[in-house]
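Me: I have a structure open and want to go through it piece by piece. Can you take my questions one at a time?

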Amino acid sequence: MQRPVFPLMLALFVLIIFLFLLNLLLGSVTIPLDAVIDILLGKSTHTIIWENIIWKSRVPQALTALFAGAALSISGLQMQTVFRNPLAGPSVLGISSGASLGVAFVVLFSGSIGQLALSQLGYVGEVAVSVAAIVGALSVMALIVYVSQKVRGNVTILIIGVMIGYVANAIIGVLKYFSVEEDIRSYVIWGLGSFSKVSGDQVYLFISLMLLFIPLSFLLIKNMNLMLLGDSYARNLGLNVKQARFLVISSSGILVAIVTAYCGPIMFIGLAVPHLCRAIFQSSNHRILMPASLLMGAVLALFCNLVARMPGFEGALPVNSVTALVGAPVVASVLFSKRKQDLSE
Amino acid sequence: MKKKTIELQQLSIGYKTNHKSKVVAQCIDATINAGELTCLIGANGVGKSTLLRTLSAFQASLDGEIRIQGKPLKSYNDKQLAKVISVVLTEKCDLRNMTVKELVGLGRSPYTGFWGGLSAKDRHEVDAAIKMVQIKHLKYRMVHTLSDGERHKVMIAKALAQSTPIIYLDEPTAFLDFPSKVEMMQLLHRLSREMGKTIFLSTHDLELALQIADKIWLMDQKQGISIGTPEDLSLDGSLSQFFAHKGIFFDKNTGLFRIENEYITAIRMVGHGQKFAMVRKALERNGIFADRKVDAEIMIETGNLNSDKPFVIHVSNNPPIEVCSIDELLTAVTLILKERPFIPFRREHESKSPVHG
């Protein structure tokens, strides 16, 4: 009893547009709907402040949330498939930890050695953090890919990934211990994750990177479907398992690295969205799950971003807290109701 | 002349670690024919799986050559091999949210394009495979809701959809109840006959294999591999020899195995037909050898199937005891034996062919 795929996808798509507009509409400054629409359409009939808020703050933030959510979900789906483990996710393999380590080095060292707080460096600081995160994430990923070519079992790779995560966290702990307070604070804030850190100019670089790598990940759909069957069956069906594993881990790792570089380590979305999609679409076919995860990830990220900025919360709540607080009950209830359905079959 | 699909020449199999190699079996010369069901039999750990893995190119051979359809196995690449050999493994795929139809459809992967979409021909092949294995009613069921036997059939349908001339199965009858085992073997036999497939499987179900297989491969640590029809292997003593030391008795008359009993004592028994055979079987299980030729104080009269008379136990000069079921008979006999001085079982009572009274 498979669900009708197309209407569900369409519904998700409509939901994205709705949430995107809501993201533009709601915030600590109230801008009426017709003004938002006018500004979006380029009619400059309103105050420059509103225009700036929309174009420089809310649009980049909404776009970042949309693409980051999509990328993290796809990445999580890829991890879960390649490791055939429902608990696998971007953060499990130590890739996020690698990014954190890179950022920790830059943020915490710049203070204690360079005698300057990174937060005061502005644009240069932002770029330095992004580069450090990407370098950190990709080096951990390279290590894991190298191991995946040497080791047979998936579980071994997963354990090594978790170990790398622990080592990275240990080093971060040592770095923190020797750092000044302001640096630790800025590192902790980075670690909370946010879709608003990407400034107006950088957001287009972020989006172009996503527009390049998300479609590339779709090229691996057939490989991932075969991987579901396990290494032996996949190989018997003509799949070069090692190569496929390399490609899927790389694709997943690059997506996480870029998102983490721009938004900090965003938890939960990458783990939860694939489960939600499997439950909603009643399928494990990646031809359905990949686009579904993309859409659902965008929906969830936009929604969490909205909650984080709800009027009433002055400033913004950390996205990581919201993703977990909002997402966990949703996923738990979906999986729970599905379990009941399974039992009653 | 039968078509040879798989030829092994001086094949050695085993594992290579960094410096040394562990040989599991060596100097295997054999052929497997198209349209035949070949069963690989051997104790746990003797290397059945290693052999299957080597033959399906999951693992390199240590020495010698494997030729598939006349060409060396090494000359095939992954994609070509996927169209020649399909496998059904013991490992249970943890597949959730996948329908039977989708899973069987994945068997078409070697033929599908970049995105893995199924063409009309592919869909036809999938339907044909599902029909062949007779799981049409399961077509839209989720794989994780199926029983082990049904899941095995689905994997076989997947192998059929792969349209390969060769199918390997690693213990396809394991974890199945007895009727399902029989059904599975009959299905495989039918596939080899009707579709001319070369089917090679490992199994622990000796009796079934001996009845259904066209060829048997007996794999043993000491003797190496003996190959032949079940009947040939029975006649030349390979089968008896194979299990000689394991408390299993190979009965050449029936061509089947029996468990050899250690007898404690012997009693005399007279009667005919099925009733006689059943009482005797029950007594044997309890370590009591019963036969007409035995000279003992205890004598049992079973009558034959047509008589409604109960079983009668005579003990020397005491009045005869009548019992209605074998259960009661066993209780009575055990009691009597307890009261008597112990009469050890003497070897000469054992006849050469203990099964037929």
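What follows is a set of short questions and answers on this predicted model.

Me: Is strand 3 of chain B buried or exposed?
Reply: B:Leu37, B:Cys39 and B:Ile41 point one way from strand 3 of chain B, and B:Thr38, B:Leu40 and B:Gly42 point the other way. Residues on both sides are buried. With 6 of the 6 residues covered, the strand is largely enclosed by the rest of the structure, so the word for it is buried.

Me: Which residue is the bridge partner of B:Cys39 in strand 9 of chain B?
Reply: Strand 3 of chain B runs parallel to strand 8 (residues 198–203), with 5 bridges. There, B:Ile41 has B:Thr203 as its bridge partner. Strand 3 of chain B is also joined to strand 9 (residues 215–220), again parallel and by 5 bridges. In strand 9 of chain B, the partner of B:Cys39 is B:Ile216.

Me: Which are the edge strands of the open sheet in chain B, ordered 2-1-4-5?
Reply: The sheet has 4 strands, and the pairing is antiparallel. An edge strand here pairs on one side only. That picks out strand 2 (21–33) and strand 5 (71–72) of chain B.

Me: Which residue stands opposite B:Lys16?
Reply: Strand 1 (residues 4–16) of chain B pairs with strand 2 of chain B over 9 bridges. Their sense is antiparallel. Opposite B:Lys16, in strand 2 of chain B, stands B:Ser21.

Me: Which residues does B:Cys93 touch, leaving out those up to four places away in sequence?
Reply: B:Cys93 sits in the loop between strand 6 (85–88) and helix 3 (100–106) of chain B. Its relative accessible area is 10%, so B:Cys93 is buried. B:Arg151 is 58 residues away along the chain, yet the two C-alpha atoms are 9.5 Å apart. The contacts of B:Cys93 are A:Leu229, A:Tyr233 and B:Arg151.

Me: How many residues of helix 11 of chain A are buried?
Reply: Helix 11 of chain A spans residues 241–263. From first C-alpha to last it reaches 32 Å, close to the expected 33 Å. Just after this helix, A:Gly264 takes a positive phi of about 80°. The helix is mostly covered, and of its 23 residues the buried ones number 18.

Me: Why does B:Glu284 count as buried?
Reply: B:Glu284 forms a salt bridge with B:Arg280, with the closest N and O atoms 3.5 Å apart. Both lie in helix 10 (residues 273–285) of chain B, about one turn apart. B:Arg280 is buried too, at 3%. Buried means under 20% relative accessible area, and B:Glu284 counts as buried because its value is 7%.

Me: What is the relative accessibility of B:Lys121?
Reply: B:Lys121 forms a salt bridge with B:Glu125, the closest N and O atoms being 3.9 Å apart. The two are 4 residues apart in helix 4 (residues 120–132) of chain B, so about one helical turn separates them. B:Glu125 is partly exposed at 22%. B:Lys121 counts as exposed, with a relative accessibility of 55%.

Me: How far apart are the closest N and O atoms of B:Arg67 and B:Glu65?
Reply: B:Arg67 is partly exposed at 24%. B:Glu65 is partly exposed as well, at 28%. They form a salt bridge, and the closest N and O atoms are separated by 3.2 Å.

Note on methods
Residues are numbered from 1 along each chain as its sequence is written. Chains are lettered from A and ligands numbered from 1 in the order in which they are written. This is a predicted model: local features need pLDDT of at least 70, side-chain atom pairs count only at pLDDT 80 or more; totals for chains, interfaces and linings use all residues. Side-chain values use heavy atoms; hydrogens and water are left out. Buried means under 20% relative accessible area, exposed over 50%, partly exposed in between (1.4 Å probe, protein chains only). Contact means heavy atoms within 4.5 Å. The expected span of a helix is 1.5 Å times one less than its number of residues. Two strands pair if DSSP finds at least two bridges between them. A salt bridge is a side-chain nitrogen of Lys or Arg within 4 Å of a carboxyl oxygen of Asp or Glu.
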